[in-house]
Amino acid sequence: MAQQVRGVIARAKGEPVRIETIVVPDPGPGEAVVKVQACGVCHTDLHYREGGINDEFPFLLGHEAAGVVEAVGDGVTEVAPGDFVILNWRAVCGQCRACLRGRPQYCFDTHNAKQKMTLLDGTELSPALGIGAFAEKTLVAAGQCTKVDPEASPAAAGLLGCGVMAGLGAAINTGNVGRGDSVAVIGCGGVGAAAVTGAHLAGAGKIIAIDIDDKKLATAKKLGATHTVNSRSTDPVEAVRELTGGFGADVVIEAVGRPETYKQAFYARDLAGTVVLVGVPTPEMQLELPLLDVFGRGGALKSSWYGDCLPSRDFPMLIDLYRQGRLDLDTFVTETIALEDVEKAFERMHHGDVLRSVVIF
Ligand SMILES: NC(=O)c1ccc[n+]([C@@H]2O[C@H](COP(=O)([O-])OP(=O)(O)OC[C@H]3O[C@@H](n4cnc5c(N)ncnc54)[C@H](O)[C@@H]3O)[C@@H](O)[C@H]2O)c1
Ligand SMILES: [Zn+2]
Ligand SMILES: [Zn+2]
């Protein structure tokens, strides 16, 4: 029987979110209902609320979550009721041209639950990134559930479901940071701080954290940054060059999502180095660069969706590293909050007070 639970809804562009009753159908074939235990507040939720992703309101926000599978539909074999899972927003299809070439992390046909969750009056909801986990329960495709060690704290584990995985993967997978590389990270919120952590885990020699907020820089230092630059007062391109023998960093990760910070990343990179764009721009943003510089400076300009992760490969491995004390996820959980406090958490995000506010159920 369909269930009624509380969820955080964004009704219209820029309007404060509010809690409403939502209807969660029983899982159909290939689907699962998950009892959410923890869900982090990601900047992408705010992008949805502000109409920056698309205008398919009303949105059921929340997508950085861990919980326990409550029920599964017909044909589901990968997870069972009672499993502790992290929700992922890229359930791979196994059949598209990327999957068939053995590159499922680039799957071009990822999927979500087929049935819709609704408001009480039947209005269909658009779940953020096909998840919608600021809700006591949510309906997802079974492939969006990745089973991990149930000993991990849900608040920390859930963060791998989006921002922290995006940042770790931007460094490890997309940027392919290796031992001894120099790395700069522009924007050290949840995603950028995770990129710092990923660079540290991968053995980078120099890790330069750049932000306009000293609190974020202090946390980045704790997570492995060797140098910090406040780009409000210091030109970040000059600073990175100075710290790298005048050349620039091997890998520069942009975790803000703005043309001006992308340009900084482009010019703070050594010749033949790699720029990774993990910050998400909004539709009106345009980038202008001299094409001769794009050509002449060589190297790679890459985008990173979800850190090019493969949830089935990366989530259990990263949770194991966390359990061994080699990956600090707890530092990312600045505060735990109630479902009612998501709007306040958006405000705190604007003020730069938190790495992650995590809703605990
Ligand atoms: N590619 C992906 O798969 C993926 C996944 C999750 C989030 N994101 C995106 O990553 C970006 C960061 O997300 P977040 O959750 O870390 O956000 P956040 O708000 O926690 O962090 C943004 C950080 O950027 C800093 N910043 C802002 N303007 C700056 C500037 N001009 N120069 C330097 N630093 C600046 C802020 O002080 C803050 O610390 C967002 O655009 C988000 O949508 C991408
Ligand atoms: Zn595919
Ligand atoms: Zn996110």
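## Ligand shell, fold and local geometry

Of the 32 residues around ligand 1, five come nearest: His43, Ala166, Gly187, Gly189 and Gly257. This is a predicted model. Several elements feed the shell around ligand 1. Helix 1 (43-49), helix 4 (163-174), helix 5 (190-201) and strand 12 (206-211) each give at least two residues to that shell. By type, the shell around ligand 1 holds 15 nonpolar, 14 polar and 3 charged residues.

### The chain as a whole

The chain has 11 helices and 18 strands. Its radius of gyration is 20 Å, which agrees with the value near 21 Å for a compact globule of 361 residues. The C-alpha trace spans about 65 × 40 × 40 Å along its principal axes. Of the 361 residues, 52% are buried. Consider the contacts in the chain with a separation of 6 or more: 71% of them join residues 24 or more positions apart.

### An open sheet of five strands

Strands of a sheet pair through backbone hydrogen bonds, in a parallel or an antiparallel sense. Here 5 strands form an open sheet, in the order 7-2-1-4-8, and the pairing is mixed. Which strands lie at the edges? They are strand 7 and strand 8 (126-127), each of which pairs on one side only.

Three of the pairings in this sheet can be set side by side.

| Strands | Sense | Bridges | A facing pair |
|---|---|---|---|
| Strand 1 (3-10) and strand 2 (18-24) | antiparallel | 7 bridges | Val5 and Ile22 |
| Strand 2 (18-24) and strand 7 (118-119) | antiparallel | 2 bridges | Ile22 and Leu119 |
| Strand 4 (59-60) and strand 8 (126-127) | parallel | 2 bridges | Leu60 and Pro127 |

Ile22 links two of these rows. In strand 2, Ile22 is the bridge partner of Val5. Ile22 also stands opposite Leu119 in strand 7. On the strand 8 side, Leu60 stands opposite Pro127, and strand 4 and strand 8 run parallel.

### Arg6 in strand 1

Arg6 sits in strand 1 (residues 3-10). Is Arg6 buried or partly exposed? Arg6 is partly exposed, because 16 other C-beta atoms lie within 10 Å, whereas burial takes 20 or more. Beyond its neighbours within four places in sequence, Arg6 is in contact with Ile19, Thr21, Ala135, Glu136 and Leu339. Of these, Ile19 and Thr21 fall within strand 2 (residues 18-24). Arg6 and Glu340 are 334 residues apart along the chain, and their C-alpha atoms are separated by 9.9 Å.

### Helix 6 and its cover

Helix 6 spans residues 214-222, and its buried residues include Lys216, Leu217, Thr219 and Ala220. These residues cover an arc of only 160° around the axis, so they lie on the same side of helix 6. What covers the buried residues of helix 6? The cover includes helix 5, strand 12 and strand 13 (227-230). Helix 5 and strand 12 also contribute to the shell around ligand 1. Gly224 follows helix 6, and its phi is positive, near 125°.

### Backbone exceptions

Most residues other than glycine have a negative phi, and most peptide bonds are trans. Three places in this chain depart from that pattern.

The peptide bond joining Phe57 and Pro58 is cis, with omega about -5°. Pro58 lies in the loop between helix 1 and strand 4. Helix 1 is one of the elements of the ligand 1 shell, and strand 4 belongs to the open sheet.

Asn176 has a positive phi, near 50°, and is not a glycine. Asn176 lies in the loop between helix 4 and strand 11 (182-186). With 16 other C-beta atoms within 10 Å, Asn176 is partly exposed.

Ala272 is another residue other than glycine with a positive phi, near 65°. Ala272 is found in strand 15 (residues 269-277). Why does Ala272 count as exposed? Ala272 has 10 other C-beta atoms within 10 Å, and a residue is exposed because 12 or fewer such atoms lie within that distance.

Key
Residues numbered from 1 in each chain as written. Chains lettered and ligands numbered in written order. Predicted model: local features only at pLDDT ≥ 70, side-chain atom pairs only at ≥ 80, totals over all residues. Near = placed C-beta within 6 Å. Helix = DSSP H or I, 4+ residues; strand = E, 2+ residues; numbered from the N terminus. Nonpolar A, V, L, I, M, F, W, Y, C, P; charged D, E, K, R; others polar. Rg over C-alpha atoms; globule rule 2.2 N^0.38 Å. Contact = placed C-beta atoms within 7 Å. Arc of directions from axis to C-beta. Pairing = 2+ DSSP bridges.
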